[in-house]
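The following explanation is intended for a reader who meets this structure for the first time. Please keep the sequence and the model in view while reading.

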Amino acid sequence: MKLQSASRKEISRIALGTLVCDVILIAALFLLSLVGVGTFSLGRILLGALCGSVVAVGNFTILCLTVQSAVNIDNKRKMKKAFQLSYNLRLLLQAVWVVAAFLIPQIHFVACAAPVLFPNVVIFFLQSRGKLINESAPAPGKKPEDTDGNDTLETFEV
């Protein structure tokens, strides 16, 4: 399945945000090593951050592909099942990666495992800045005249 342009845009935003988080992580690990917490091995940390970021962005890409394919499903029960299967597989992928990161001695464990959380950090940051709301269209569940800038969190059934 081919990614839509909106999905590609969001994936690139997540990838860029993950890169920024990687730089912050590497700086934090360096500062911790200066005060005697752990050792700073640049090669191991860079390799771990790179691999962990690939897993994180790949996981987000799978999410985008799942959402794109679920739009075409008419039956709500089948759609919910597809989302649940995708969620379980993506969660399993993350768990396997964290266990592998622990077992592989050539890579830094924290630098491998932390990037799995970075897409969530990026999404929270973008939400706090109001960058995830399309200002040209009303928020889901709102009428066009209700868009007065007071966006509230609403829950929807899938």
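The paragraphs below consider a helix and its surface, then the aromatic pairs, and then a pocket.

The structure shown is a predicted model. A suitable starting point is helix α1, which covers residues 5-34. Leu16 belongs to this helix. With a relative accessibility of 53%, Leu16 counts as exposed, because the term applies to values over 50%. Leu16 can also be placed relative to a residue further along the chain: 41 residues separate Leu16 from Val57 in sequence, and their C-alpha atoms are 9.8 Å apart.

Leu32 is likewise located in helix α1. Its relative accessibility is 39%, so Leu32 is classed as partly exposed, a class that lies between under 20% for buried and over 50% for exposed. Leu32 is also a member of a nonpolar patch on the surface, together with Phe30, Leu31, Leu34, Val35 and Val37. The accessible area of these residues together is about 590 Å².

Phe30, a member of this patch, leads to the next topic. How many aromatic pairs does a search of the whole structure find? The search finds 2. In one of them, Phe30 and Phe40 are arranged edge-to-face, with 5.2 Å from centre to centre and 75 degrees between the planes. Phe30 is part of helix α1, whereas Phe40 is in the loop between α1 and α2 (42-70); the pair therefore ties together parts that are 10 residues apart in sequence. Both rings belong to partly exposed residues: the relative accessibility is 38% for Phe30 and 28% for Phe40.

Phe102 and Phe109 also form an aromatic pair, and their ring centres are 5.7 Å apart. Because their planes stand at 85 degrees, and an angle over 60 counts as edge-to-face, this pair is edge-to-face. The relative accessibility of Phe102 is 62%, so Phe102 counts as exposed, while Phe109, at 34%, is partly exposed.

The last feature is a pocket. The second largest pocket holds about 240 Å³ of space. Which residues of its lining are the closest to its centre? They are Asn59, Leu63, Arg90, Gln94 and Asn120, out of 13 residues that line this pocket. Helices α2, α3 (76-103) and α5 (118-128) are the elements that each give two or more residues to the lining.

Methods:
Residues are numbered from 1 along each chain as its sequence is written. This is a predicted model: local features need pLDDT of at least 70, side-chain atom pairs count only at pLDDT 80 or more; totals for chains, interfaces and linings use all residues. Side-chain values use heavy atoms; hydrogens and water are left out. Patches are made of residues with over 30% relative accessible area and no salt bridge: like charges are joined within 9 Å, nonpolar side chains (Val, Leu, Ile, Met, Phe, Trp, Tyr) within 5 Å. Accessible areas come from the Shrake-Rupley method with a 1.4 Å probe; for residues, only the protein chains shown count as cover. A salt bridge is a side-chain nitrogen of Lys or Arg within 4 Å of a carboxyl oxygen of Asp or Glu. Helices (H or I, at least four residues) and strands (E, at least two) are DSSP runs, numbered from the N terminus. Buried means under 20% relative accessible area, exposed over 50%, partly exposed in between (1.4 Å probe, protein chains only). Rings of Phe, Tyr and Trp (its six-membered ring) pair if their centres lie within 6.5 Å; planes under 30 degrees apart count as stacked, over 60 as edge-to-face and the rest as tilted. On a 1 Å grid over the protein atoms alone, a cavity is a set of points where a 1.4 Å probe fits but cannot get out, and a pocket is an open set with protein on both sides within 12 Å along at least five of seven lines; lining residues have an atom within 4 Å of a point. Grid points are joined across faces, edges and corners, and a volume is the space filled by probe spheres set on the points.
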